[in-house]
Amino acid sequence: MVKLTPEQQSVLVEAEPTMFRPVPGGWGKQGSTNVRLTKADPATLQSALTLAWTNIAPKSLLKELEKKPC
C-alpha cells in the first residue's frame, strides 16, 4: 500500500490499472492505494514509492535534500 493524494492515485490507477487500485472504503477515497507487486515494473514502482514518500516526509528533510546535488 502506498499513501498518495487522490489526484496521484487517479493518475496511477488510470495509467496502470493492473498494478494499482484504490484501497476499498474511505481510506482509498483519501488516496491509499494497493500495489500488485506481481504486476509491478521496477521503474513505475519506484516512482510510486517516491511520490508516497514525499507526501509524508518531513518538510525540513525535503528542503535539505533539494539543496544537495544528485
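The protein chain has four helices and three strands, and the model in which they appear is a predicted one. If you follow the chain along its sequence, these elements come in the pattern β-α-β-α-β-α-α, and it helps to keep that order in mind while turning the structure.

Some overall values set the scene. Taken along the principal axes, the C-alpha atoms of the protein chain fill a box of roughly 35 × 25 × 15 Å. The protein chain exposes about 5,200 Å², and carbon and sulfur atoms supply 60% of that area. Of the 70 residues in the protein chain, 26% are buried. Among the contacts with a separation of 6 or more, 47% are between residues 24 or more positions apart.

The interior is a good place to begin. Eight residues, namely V2, L4, L12, M19, F20, V35, A48 and A52, make up the largest nonpolar core of the structure. One member of this core, L4, can be found in the loop between strand 1 (2-3) and helix 1 (6-15). L4 counts as buried because its relative accessibility is 4%, and buried means under 20%. When neighbours within four places in sequence are left aside, L4 is in contact with Q9, L12, Q30, G31, S32, T33, A48, L51, A52 and N55. Among these partners, L12, A48 and A52 belong, like L4 itself, to the largest nonpolar core. By contrast, the C-alpha atoms of L4 and P69, which stand 65 residues apart along the chain, are separated by 26 Å. Another member of the core, A52, is in contact with V2, K3 and L4, again leaving aside its neighbours within four places in sequence.

From L4 the path leads to one of its contacts, Q9, whose place is in helix 1. Is Q9 buried or exposed? Q9 is buried, since its relative accessible area is 8%, which lies under the 20% limit. Not counting residues up to four places away in sequence, Q9 touches L4, P22, G28, G31, S32 and T33. The C-alpha atoms of Q9 and F20 are eleven residues apart along the chain, and a distance of 8.2 Å separates them.

P22, which Q9 touches, is found in strand 2 (residues 20-22). P22 has a relative accessibility of 37%, and therefore counts as partly exposed, a class that covers values between 20% and 50%. Leaving aside neighbours within four places in sequence, P22 is in contact with Q9, V13, G28, S32, T33 and N34. The C-alpha atoms of P22 and V35 are separated by 8.9 Å, although these residues are 13 residues apart along the chain.

Attention can now turn to helix 3, where T44 lies. With a relative accessible area of 17%, T44 is buried. Its contacts, once neighbours within four places in sequence are left aside, are E16, M19 and F20, and of these M19 and F20 are listed in the largest nonpolar core.

The last step concerns how two helices meet. Helix 3 (residues 42-56) and helix 4 (residues 59-67) pack at an angle of about 120 degrees, and their axes lie 8 Å apart. That angle makes helix 3 oblique to helix 4, because angles from 65 to 115 degrees would count as roughly perpendicular and those over 145 as roughly antiparallel. On the side of helix 3 the contact is made by W53, T54 and N55, while helix 4 contributes K59, L61, L62 and L65. Sorted by kind, the residues of this contact divide into four nonpolar, two polar and one charged.

Notes. Residues are numbered from 1 along each chain as its sequence is written. This is a predicted model: local features need pLDDT of at least 70, side-chain atom pairs count only at pLDDT 80 or more; totals for chains, interfaces and linings use all residues. Side-chain values use heavy atoms; hydrogens and water are left out. Axes are lines fitted to C-alpha atoms, for helices over the stretch in contact, and angles run from 0 to 180 degrees between N-to-C directions. Helices (H or I, at least four residues) and strands (E, at least two) are DSSP runs, numbered from the N terminus. Angles under 35 degrees count as roughly parallel, over 145 as roughly antiparallel, 65 to 115 as roughly perpendicular and the rest as oblique. Contact means heavy atoms within 4.5 Å. Ala, Val, Leu, Ile, Met, Phe, Trp, Tyr, Cys and Pro count as nonpolar, Asp, Glu, Lys and Arg as charged, and the others, Gly among them, as polar. A nonpolar core is a set of buried Ala, Val, Leu, Ile, Met, Phe, Trp, Tyr and Cys residues joined through side-chain atoms within 4.5 Å. Buried means under 20% relative accessible area, exposed over 50%, partly exposed in between (1.4 Å probe, protein chains only). Accessible areas come from the Shrake-Rupley method with a 1.4 Å probe; for residues, only the protein chains shown count as cover.
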